[in-house]
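I opened this notebook to keep track of what I looked up, entry by entry, while reading an unfamiliar structure. The structure itself comes first, and my notes come after.

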Amino acid sequence: MNTFIRSHLKQLESEAIYIMREVAAQFERPVLLFSGGKDSIVMVHLAYKAFYPAPIPFPLLHVDTGHNFAETLTFRDRLVEKIGARLIVRYVQDSINQGRVVEETGPYASRNALQTVTLLDALKEFKFEAAIGGARRDEEKARAKERFFSHRDAFGQWDPKNQRPEVWNLFNGKKQPKESFRVFPISNWTELDVWMYIKQEKIALPSLYFSHKRDIVKRDGVLLAFADGIVYPVENETVDNMVIRFRTIGDMTCTGAVESEASTIDDIIEEVASARITERGARADDKRSEAAMEERKRQGYF
Amino acid sequence: MTIELLRFSTAGSVDDGKSTLIGRLLYDTKSLFEDQIEAVERASARRGDEYVDLALLTDGLKAEREQKITIDVAYRYFATPKRKFIIADTPGHIQYTRNMVTGASTAELAIVLIDARNGVLTQSKRHGFLATLLRIPHLVIAVNKMDLVDYNEEIYNRIVQEYTEFAAKLEAQDITYIPISALMGDNVVEKSVQMPWYDGPTLLHHLEYVNVGASNNHVDFRYPVQYVLRPNQNFRGFAGQIASGRIRPKEEIVVFPSGLESTIKTVVTAESNLNEAIAGDSVVLTLEDEIDISRGDMIVRKGNLPQKSNEIDATICWMSETPFNANGMYWVQHTTRTVRAFISKLNYKIDVDTMHREDTKTLQLNDIGRVQLTTTEPLFYDRYALNRATGSFILIDPTTNNTVAAGMIRGRSLQVSDLTEGDAETARPKSTNVVWEAGSLMMEKREQLKGHKGAILWFTGLSGSGKSTIANKLEEKLYAENVHTLFLDGDNMRHGLNGDLGFSAADRQENIRRVAEVAKLGLTHGNVVLCSFISPYARDRAFARSLAPDGRFFEIFVKVDIEVAKRRDPKGLYAKALSGEIKEFTGISAPYEEPHQPELVVETDIDSVDAIVEKIVGMLQSQGIISPKS
């Protein structure tokens, strides 16, 4: 083995840890956004390693749409307890009750877009200056130009024309009061890197990621999990019991499953390596228009 | 098997087919997904394109897609079983320099695309220049669109030859040429059947096998402290990423700026304590002694220290729409340290197309300039050429908080003569009338040891007069006589020590001042110093003379008829000067002041080199510098 060169996973890990530490050092009140998905579970793992043996010096924030999978919430609570992190939860339901947002109605209703308001309110409530997220550049075209340190104006909005150049590993986190940053330590990872890292580090994941039987509603080619009162069949749609797994985990109304027999990490890595559709391709929210992701990012979505 | 990581940047102009090449790499390595291909097909169809435009895969933002240009660095990923690749895709329009610098800053390899139909354009050279400036160790010149020139070997060879000639001027370490067609896929991933005459690697093969990590500095341990961990009374650790070198427990270290010393106790990671950590590793260090260390401090190995200065000589790339402000304060972010600074001098800017230096009073977006930076507290740095991590910095405008420049440290700043204000007369060294400080005991002892005396032989004359030819021959002769020599000429001085100087009167003066100082050092160490410089100005030669004691400075006027020199023209310089390509060329467009009382006049269009060398040796013997033939 060449003792001068580390594996790509080691280098990606080291880069992510470096960025987490820069955030802790450059900002007074950072926060780690936790969605319950595998990327944010990896992020918590990286944060743990970045500050070991000290505790993670910032809290985790979870925006709960109220339409989460039960497995996600159970897993979240156990993880937080295990590593001794501080967790803050804010609910989209509260934003609805306060009249901050108006909920979509009907069978296609999704709370996905409403999360943005709840998130921005929570950032404001705690005066968080830097929100660390698990977004990756390979997920979607609009993210390919995203910075590690992404500057947001006083309204939490992203201006693609006004982003700071990032050279070498020098990250400029200086800002006016009220402005903020979104920081993406695993920008350079691909889905396959994430899975290989999960394997290497033996990171536990919610069972949703592995092959299981579930009642499914097929809608516009997307396989949604049946959930009473949230996702249910209309018109010609049916509920079928299928063998599936999830490649991403988010709000139930827009997280699509894939038919899969992959029941171990190795199975999944093999599947991902030969996959024919991107992770986000299984998400209903990106299909609305070609520039859908960019629009949502401008508004403050992650 | 371990998968390695290679970061590379791609540079090319709008129509060189860069996006198509990246699309091709992603497509042929099966890094694309059905939905991505479908999305591109949908977009192509809607725009009315006849073919599926692979370039659409990599053009990210909406505004760019509308204008059909990419305006920012985009990052792409693909992998083979051997390596993972991170591509920094830098667009080729007007903001090019800023984007290229950004993409190149983390790259280990740069691909420069050349359109085979157009040959080597100014921008192809610019790309190579910037890649070299940023010290990217590997350069690939991909000659693209070979399908449109019928895969013609001649055309390819001509481009290779032309670029090779140009690249001789760069300090590029490794250049590989590959003829490709990104559109058709020739020599990108699959070997081309259309170009049997090419027996080199395909682009992907080269990317998979080129040496990685070669640019890392494995020697000088530098550890900028990022964050201090104090979970309890018993643990005090310093978190950071090793910038260069390696470290083990029990090694002795020094902390800057305090200068305090200690010993490494443990190298901590969440898995285990390590026996060794290397450049790029994010670790936590604990020390044997309780010393005060905070973010921005740098831990280094004892006996291997960085440079320290608050006067920094640097090359910077201006990245902001707001031009450089001569009176402004900036933040310098260097490693994990941020200090205040101002730009105390703007020496010149570099035209990235011609690589010429130009006088300037300001730096605008995409300008590259040589500056002197004065910081409020000293920086602890290495030269960028030796250490990218500790030799780089950014400038931040404190009023907007924007990153306005990227900088590369060349070294401690010298008193570079001022090109922007005052004339040559006022910029003269203050010590014109310095006289020799007599009686250096060491010099005498050194001369005794060497068996001859020290002297400066100053050869002056027009370009092509034969100065260096004579000096070279003379040096051989002196060597044979066991005389210790030091040979300084325009070529070796201007490549190194005086690499920052141009050819204006002020720069020529500074050039000679430095040469004279070096010659003086050689002299005081008992050498016969041979200086071969046009040195057209009498006052500059007088200055050199003022540094030496009487009887030790020999001005040798190498005289030649200018018409003879023009005919000789060994470097093709006269031709260029006469055509106006070189400005301020001595004898053509700049003056040469003949010496009035030189110690010796030699005429190379009359006497042979050997005869002249004999004459000089005779002079040195008669003046007691070297002993007559023993």
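The entries below go from chain B as a whole to its packing, and then to aromatic rings.

**Entry 1, chain B overall.** I began by noting that I am working with a predicted model. For chain B I looked up the secondary structure and found 15 helices and 26 strands. Of the 630 residues in this chain, 57% count as buried. I then turned to contacts in chain B between residues at least 6 apart in sequence, and noted that 72% of them join residues at least 24 apart. The exposed surface of chain B comes to about 27200 Å², with 48% of it supplied by carbon and sulfur atoms.

**Entry 2, nonpolar cores.** Which residues have the most contacts inside the largest nonpolar core? I found that this core has 72 residues, and that B:F8, B:I111, B:L134 and B:L207 are the ones with the most contacts inside it. I followed B:L207 further and, leaving aside its neighbours within four places in sequence, listed B:L6, B:F8, B:L25, B:R83, B:F85, B:L109 and B:I111 as the residues in contact with it. Apart from this core lies another, of 68 residues, which includes A:Y209, A:A227, A:V272 and B:A239.

**Entry 3, a tilted pair.** Over all chains I counted 28 aromatic pairs. In one of them, the ring centres of A:F69 and A:F246 are 4.9 Å apart and the planes stand at 55°, so I entered the pair as tilted. A:F69 lies in the loop between β2 (60-64) and α3 (70-83) of chain A, whereas A:F246 belongs to strand β9 (residues 239-246) of chain A, so the pair ties together parts that are 177 residues apart in sequence. I checked whether each is buried or exposed: A:F69 counts as buried at 1% relative accessibility, and A:F246 is buried at 0%.

**Entry 4, a stacked pair.** I next looked at B:F557 and B:Y592, whose rings are stacked, 6.0 Å centre to centre with 25° between the planes. B:F557 sits in strand β25 (residues 553-559) of chain B and B:Y592 in the loop between α14 (573-578) and β26 (600-603) of chain B, so this pair ties together parts that are 35 residues apart in sequence. B:F557 is buried, at 5% relative accessibility, and B:Y592 is buried too, with a relative accessible area of 17%.

**Entry 5, a cluster and charges over rings.** I recorded one aromatic cluster formed by A:Y18, A:F27, A:F148, A:F149, A:F171 and A:F181. Finally, I noted that A:R137 lies over the face of B:Y75, at 4.1 Å from the ring centre, and that B:R539 lies over the face of B:Y537, at 5.3 Å from the ring centre.

Definitions and conventions: Residues are numbered from 1 along each chain as its sequence is written. Chains are lettered from A and ligands numbered from 1 in the order in which they are written. This is a predicted model: local features need pLDDT of at least 70, side-chain atom pairs count only at pLDDT 80 or more; totals for chains, interfaces and linings use all residues. Side-chain values use heavy atoms; hydrogens and water are left out. A nonpolar core is a set of buried Ala, Val, Leu, Ile, Met, Phe, Trp, Tyr and Cys residues joined through side-chain atoms within 4.5 Å. Buried means under 20% relative accessible area, exposed over 50%, partly exposed in between (1.4 Å probe, protein chains only). Contact means heavy atoms within 4.5 Å. Rings of Phe, Tyr and Trp (its six-membered ring) pair if their centres lie within 6.5 Å; planes under 30 degrees apart count as stacked, over 60 as edge-to-face and the rest as tilted. Helices (H or I, at least four residues) and strands (E, at least two) are DSSP runs, numbered from the N terminus. A charge sits over a ring if NZ of Lys or CZ of Arg is within 6 Å of the ring centre and within 35 degrees of the ring normal. Accessible areas come from the Shrake-Rupley method with a 1.4 Å probe; for residues, only the protein chains shown count as cover.
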